[in-house]
Amino acid sequence: MSFKLSMLMPSHSFADLSSELKVYSRLNLGCGDFPIEGALNVDIRPEAKCDLTLNLNNPAVLDELPAGHYGVVYLYHTLEHLDDVFGTLRAVHRLLKPGG
(Lines give C-alpha, C1' and ligand atoms only; values in the text may rest on other atoms or scores of the structure.)
Protein backbone atom coordinates (compact mmCIF):
# COMPACT_ATOMS: atom_id res chain seq x y z
CA MET A 1 0.00 0.00 0.00
CA SER A 2 1.44 3.34 -0.96
CA PHE A 3 -0.14 6.77 -0.79
CA LYS A 4 1.13 10.30 -0.66
CA LEU A 5 -0.68 12.48 1.84
CA SER A 6 0.87 15.55 0.23
CA MET A 7 -0.90 14.61 -3.01
CA LEU A 8 -4.37 14.56 -1.39
CA MET A 9 -6.87 17.32 -1.84
CA PRO A 10 -6.61 20.02 0.87
CA SER A 11 -9.99 18.93 2.26
CA HIS A 12 -8.62 15.51 3.16
CA SER A 13 -7.11 14.81 6.54
CA PHE A 14 -5.41 12.05 8.50
CA ALA A 15 -8.88 10.98 9.66
CA ASP A 16 -9.62 10.00 6.06
CA LEU A 17 -6.59 7.67 6.17
CA SER A 18 -6.84 6.40 9.74
CA SER A 19 -7.67 2.80 8.82
CA GLU A 20 -4.85 2.71 6.25
CA LEU A 21 -2.32 4.16 8.70
CA LYS A 22 -3.18 1.57 11.36
CA VAL A 23 -2.16 -1.28 9.05
CA TYR A 24 1.47 -0.53 9.86
CA SER A 25 3.05 -1.57 13.17
CA ARG A 26 6.44 -0.02 12.38
CA LEU A 27 7.22 3.60 11.51
CA ASN A 28 10.25 4.77 9.52
CA LEU A 29 10.71 8.54 9.93
CA GLY A 30 13.04 10.24 7.48
CA CYS A 31 13.24 7.24 5.17
CA GLY A 32 14.69 9.13 2.21
CA ASP A 33 15.46 6.69 -0.58
CA PHE A 34 15.64 3.71 1.79
CA PRO A 35 12.12 2.58 2.68
CA ILE A 36 11.66 -0.37 5.01
CA GLU A 37 9.28 -3.00 3.71
CA GLY A 38 6.24 -3.39 5.94
CA ALA A 39 6.80 -0.04 7.70
CA LEU A 40 5.02 3.27 7.19
CA ASN A 41 7.82 5.21 5.47
CA VAL A 42 7.66 8.97 6.07
CA ASP A 43 9.85 11.74 4.65
CA ILE A 44 9.76 15.51 4.23
CA ARG A 45 10.63 15.25 0.53
CA PRO A 46 7.80 14.23 -1.83
CA GLU A 47 10.35 12.73 -4.25
CA ALA A 48 11.63 10.33 -1.56
CA LYS A 49 10.61 6.68 -1.61
CA CYS A 50 8.02 7.22 1.08
CA ASP A 51 4.41 6.33 1.74
CA LEU A 52 3.62 9.59 3.51
CA THR A 53 5.07 13.07 3.07
CA LEU A 54 5.19 15.14 6.27
CA ASN A 55 7.24 18.11 7.45
CA LEU A 56 9.22 16.31 10.13
CA ASN A 57 10.68 19.64 11.29
CA ASN A 58 7.31 20.23 12.95
CA PRO A 59 6.77 17.51 15.61
CA ALA A 60 3.08 18.50 15.85
CA VAL A 61 2.41 16.76 12.50
CA LEU A 62 3.06 13.44 14.27
CA ASP A 63 0.14 14.15 16.63
CA GLU A 64 -2.22 12.89 13.94
CA LEU A 65 -0.66 9.41 13.89
CA PRO A 66 -2.17 6.82 16.27
CA ALA A 67 -0.76 7.04 19.81
CA GLY A 68 0.61 3.88 21.39
CA HIS A 69 0.40 2.04 18.08
CA TYR A 70 3.92 1.43 16.75
CA GLY A 71 6.16 -1.32 18.13
CA VAL A 72 9.24 0.16 16.44
CA VAL A 73 10.07 3.66 15.18
CA TYR A 74 13.17 4.00 13.00
CA LEU A 75 15.04 7.31 12.69
CA TYR A 76 18.14 6.33 10.71
CA HIS A 77 20.31 9.41 10.06
CA THR A 78 17.32 11.65 10.73
CA LEU A 79 17.64 13.41 14.10
CA GLU A 80 20.63 15.51 13.07
CA HIS A 81 18.52 17.11 10.31
CA LEU A 82 15.59 18.15 12.50
CA ASP A 83 14.94 21.60 13.95
CA ASP A 84 13.33 20.28 17.16
CA VAL A 85 15.02 17.02 18.13
CA PHE A 86 13.55 16.86 21.64
CA GLY A 87 10.04 17.69 20.41
CA THR A 88 10.32 14.93 17.83
CA LEU A 89 11.52 12.44 20.44
CA ARG A 90 8.56 13.34 22.68
CA ALA A 91 6.21 12.79 19.72
CA VAL A 92 7.86 9.45 18.91
CA HIS A 93 7.53 8.34 22.52
CA ARG A 94 3.78 9.04 22.32
CA LEU A 95 3.53 6.90 19.16
CA LEU A 96 5.28 3.88 20.63
CA LYS A 97 3.42 0.97 22.20
CA PRO A 98 4.26 0.38 25.87
CA GLY A 99 7.61 -1.40 25.87
CA GLY A 100 8.25 -0.38 22.24
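**Exposure of D83**

Task: Decide whether D83 is buried or exposed, and place the residue in the chain.

Solution: Start with the cut-offs: under 20% relative accessible area is buried, over 50% is exposed, and anything in between is partly exposed, using a 1.4 Å probe and protein chains only. D83 has 66% relative accessibility, so this residue counts as exposed. Next, the location: D83 sits in the loop between β4 and α2. Helices here are DSSP runs of H or I with at least four residues, strands are E runs of at least two, and both are numbered from the N terminus. Finally, look across the fold: N58 is 25 residues away from D83 in sequence, yet their C-alpha atoms are 7.8 Å apart.

Before you go on, keep in mind that this is a predicted model, where local features need pLDDT of at least 70 and side-chain atom pairs count only at pLDDT 80 or more, while totals for chains, interfaces and linings use all residues. Residues are numbered from 1 along each chain as its sequence is written, and side-chain values use heavy atoms, with hydrogens and water left out.

**The overall layout**

Task: Work out how many helices and strands the chain has, and in what order the elements run.

Solution: Count first: there are 2 helices and 4 strands. Then walk from the N terminus, and you read α-β-β-β-β-α. Now check burial: of the chain's 100 residues, 42% count as buried. Last, look at contacts, meaning heavy atoms within 4.5 Å. Among contacts between residues at least 6 apart in sequence, 53% join residues at least 24 apart.

**R26 on its strand**

Task: Find which backbone oxygen the side chain of R26 reaches.

Solution: Locate R26 first; the residue is part of strand β1. R26 is partly exposed because its relative accessible area is 24%. Then list what R26 touches beyond four places in sequence: I36, E37, G38, A39, L40, Y70, V72 and Y74. One of these, E37, offers its backbone oxygen to the R26 side chain at 2.5 Å. That fits the rule for a polar contact: a pair of N or O atoms within 3.5 Å, where, within protein, one must be able to donate a hydrogen and the other to accept it, and residues adjacent in sequence count only if both atoms are side-chain atoms.

**The nonpolar core**

Task: Say which residues have the most contacts inside the largest nonpolar core, and which element gives the largest share.

Solution: Such a core is a set of buried Ala, Val, Leu, Ile, Met, Phe, Trp, Tyr and Cys residues joined through side-chain atoms within 4.5 Å. The largest one has 18 residues, and those with the most contacts inside are L27, L29, L40, V42, L62, L65 and Y70. Next, trace the suppliers: β1 (26-29), β2 (40-43) and α2 each give at least two residues. The largest share, 3 residues, comes from α2. Now zoom in on V42, whose contacts beyond four places in sequence are L27, N28, L29, G30, C31, C50, L52, L54 and L56.

**Two sides of α2**

Task: Sort T88 and H93 into buried or exposed.

Solution: T88 is found in helix α2, and at 3% relative accessibility T88 counts as buried. Setting aside residues up to four places away, T88 touches L56, P59, L62 and L82. H93 lies in helix α2 too, but with 62% relative accessibility H93 counts as exposed.

**T78 and the pocket**

Task: Describe the surroundings of T78, then the largest pocket.

Solution: T78 lies in the loop between β4 (72-74) and α2 (85-95). T78 is buried because its relative accessible area is 5%. The T78 side chain reaches the backbone oxygen of Y76 at 3.0 Å. Now the pocket, with a volume of about 230 Å³. Of its 15 lining residues, the closest to the centre are G30, D43, H77, T78 and H81. By class, the lining has 6 nonpolar, 7 polar and 2 charged residues.

How the terms work: on a 1 Å grid over the protein atoms alone, a pocket is an open set of points where a 1.4 Å probe fits, with protein on both sides within 12 Å along at least five of seven lines, and lining residues have an atom within 4 Å of a point. Grid points are joined across faces, edges and corners, and the volume is the space filled by probe spheres set on them. Ala, Val, Leu, Ile, Met, Phe, Trp, Tyr, Cys and Pro count as nonpolar, Asp, Glu, Lys and Arg as charged, and the others, Gly among them, as polar.
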